[in-house]
Amino acid sequence: MSAARAWSSAWIVLELLCLIAAPVTRAAGEPDPAPRTDWFASDCDTPVELHPARPAPMWLRVLTAPDDAGRDALLIRVPDGALYAPPEVFAAIDLAPSGPVLHRAGTEYRALHRIAGLRFAVDACRQTLSLDRAGVGATTARTLLQTPGVAIARPESGGYLQAQTLWLHSGSQQELSGMVDGALFGDNGLLQNTLLFGNGRVTRLDTRWLHDDPAQMTRLALGDGITRGGSFGRSLRFAGVQWGRDFTLRPDLVTFPLPEISDAAALPSAVDVYVDNTLRASDRVPGGPFTLSDVPVLSGAGELQLVITDLLGRSRVVSYTFYAAPDLLRAGLSDYTLEAGFERRDYGRDSLDYGPGFGAATWRHGINDRLTVEAHAEASARRRAGGLGYALLLPRLGVF
């Protein structure tokens, strides 16, 4: 019996050795084996100065995959040990940089460790930087300024009449003057007329018909109005037709670009946005990179502070500077006006004094959040003029 047991044990051992030595084959449809990770490891014994006394440049070959030929880039290691990379390194892994900016030789460098989930390693012997973005989640985007939908209300029919009067008495002289404004409104628009009376005479100021389209933010006006000269000319009173964009129909719409900030959170966190030390918005973001767009700010220069508090109660503060300019239009937003009619003369003194005819057109468009272009043309019997212009936001300087 003991001999049989010995032969059985030997047979089992032999089968195990055959299984180990046999080649491994995969059936059709079986998933591929795990990707190589040895390319990411560093077995170099050359010491690397992790905390230099001052920011130190490092020329490295950037690798994003085991079979990647790589590309050379200049990186910077700072005294706290963080490794800062230029924009082309983040572009190679298709990630948006975040965090404070380190300026050097006209290039903006940002820390690699600010990208949550990004693994990277430096091999000092081969002078390579290995990047692995497999652990980086999708960027969470939040719009802090919510634009409500346009609610089109059916106008009621009606009208109004208002008057402002002034009575003066001096010695034997008495004078009654004032202004009367009346209008009728309904589905077809607003018909308005304004009269000025005094010194025993009545003078017509404005007579016009307006039709508004709040959904398209356009207004059609027939009668007396004021032209839009744009950046190339002055406005004047005229009588005729005017059609174009009117952003006052949507008081909830912010027409100029608002700041956008990006960062990353290691854990699900609460985010508070302070504008010039005033809390303007709060939100919650999951772990990973995130972007906050349309931060509600006032026009002009200011400072943004982002307070990020994670689930463990740890907080950090990131500061950004911004410049919001009403002269700019948001990317993709257009403003335009077409006008034709006759110049108005002696306004306030004569009811029907008109000059020569003219036509004018103005168009503005936001190319991006830093550049708005403009074109203007006008013509009359005596002159013709046209021009092109732009408004460009220069960081740290203002609008040119």
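This report describes the sheets, core, pocket and cavities of a predicted model.

## The seven-stranded sheet

An open sheet of 7 strands, whose pairing is mixed, runs in the order β4-β5-β3-β2-β1-β7-β6. Its edges are held by β4 (102–104) and β6 (119–123), and because each of these has a single partner strand, one side of each is left without a neighbour in the sheet. Ignoring direction, neighbouring strands of this sheet are turned against each other by 40° on average.

One pairing within this order can be followed at the residue level: strand β1 (residues 56–63) and strand β7 (residues 128–132) run parallel and are joined by 3 bridges. In that pairing, Arg61 stands opposite Thr128 in β7.

## The four-stranded sheet

A second open sheet to consider has 4 strands in the order β17-β16-β19-β20, with antiparallel pairing. Here β17 (278–285) and β20 (315–324) are the edge strands, each with a single partner strand, so that one side of each is left without a neighbour in the sheet. From one strand to the next, the twist averages 20°.

Within this sheet, strand β16 (residues 269–275) pairs with β17 in the antiparallel sense over 7 bridges, and the bridge partner of Ala270 in β17 is Arg284.

## Pairings around β21

Strand β21 (residues 334–344) runs antiparallel to strand β14 (residues 237–245), to which 7 bridges join it; in this pairing, Gly240 has Gly341 of β21 as its bridge partner. Strand β21 also pairs with strand β22 (residues 354–368), again in the antiparallel sense, over 10 bridges, and there the bridge partner of Ser334 is His365 in β22.

## The largest nonpolar core

The largest nonpolar core has 21 residues, of which Val273, Phe290, Leu292, Val295, Val297, Leu304 and Leu306 touch the most other members. Two or more residues of this core come from each of β15, β16, β17, β18, β19 (300–310) and β20. The strand that gives the most to this core is β20, with 4 residues.

## The largest pocket

The largest pocket holds about 1100 Å³ of space, and of the 31 residues that line this pocket, Glu260, Tyr320, Thr321, Phe322 and Arg370 are the closest to its centre. At least two residues of the lining are supplied by each of β5 (107–111), β15, β19, β20 and β24, with β20 giving the most, 6 residues. Divided by class, the lining of the largest pocket has 18 nonpolar, 7 polar and 6 charged residues.

Thr321, one of the residues closest to the centre of this pocket, lies 9.4 Å from Pro395 in space, C-alpha to C-alpha, although the two are 74 residues apart in sequence. Pro395 itself is placed in the loop between β24 (384–394) and β25 (398–399). With a relative accessibility of 47%, Pro395 counts as partly exposed, because that class lies between the limits of under 20% for buried and over 50% for exposed.

## Cavities

The structure contains 3 cavities of 30 Å³ or more, and the largest cavity encloses about 70 Å³ of space. The lining of the largest cavity consists of Leu95, Ala96, Pro97, Ser98, Ile115, Thr139, Ser262, Asp263, Pro289, Phe290 and Thr291. Two elements, β15 (261–265) and β18 (288–293), give two or more residues to this lining, and β18 has the largest share, 3 residues. Sorted by class, the lining of the largest cavity comprises 6 nonpolar, 4 polar and 1 charged residues. Phe290 belongs to this lining and is also among the members of the largest nonpolar core that touch the most other members.

The second largest cavity, with a volume of about 40 Å³, is lined by Arg208, Ala221, Leu222, Gly223, Asp224, Gly225, Phe238, Gly240, Val241 and Gln242. Both β13 (218–226) and β14 give two or more residues to this lining, with the largest share, 5 residues, coming from β13. By class, the residues around the second largest cavity are 4 nonpolar, 4 polar and 2 charged. Gly240, one of the lining residues here, is also the residue whose bridge partner in β21 is Gly341.

Methods: Residues are numbered from 1 along each chain as its sequence is written. This is a predicted model: local features need pLDDT of at least 70, side-chain atom pairs count only at pLDDT 80 or more; totals for chains, interfaces and linings use all residues. Side-chain values use heavy atoms; hydrogens and water are left out. Two strands pair if DSSP finds at least two bridges between them. On a 1 Å grid over the protein atoms alone, a cavity is a set of points where a 1.4 Å probe fits but cannot get out, and a pocket is an open set with protein on both sides within 12 Å along at least five of seven lines; lining residues have an atom within 4 Å of a point. Grid points are joined across faces, edges and corners, and a volume is the space filled by probe spheres set on the points. Ala, Val, Leu, Ile, Met, Phe, Trp, Tyr, Cys and Pro count as nonpolar, Asp, Glu, Lys and Arg as charged, and the others, Gly among them, as polar. Axes are lines fitted to C-alpha atoms, for helices over the stretch in contact, and angles run from 0 to 180 degrees between N-to-C directions. A nonpolar core is a set of buried Ala, Val, Leu, Ile, Met, Phe, Trp, Tyr and Cys residues joined through side-chain atoms within 4.5 Å. Buried means under 20% relative accessible area, exposed over 50%, partly exposed in between (1.4 Å probe, protein chains only).
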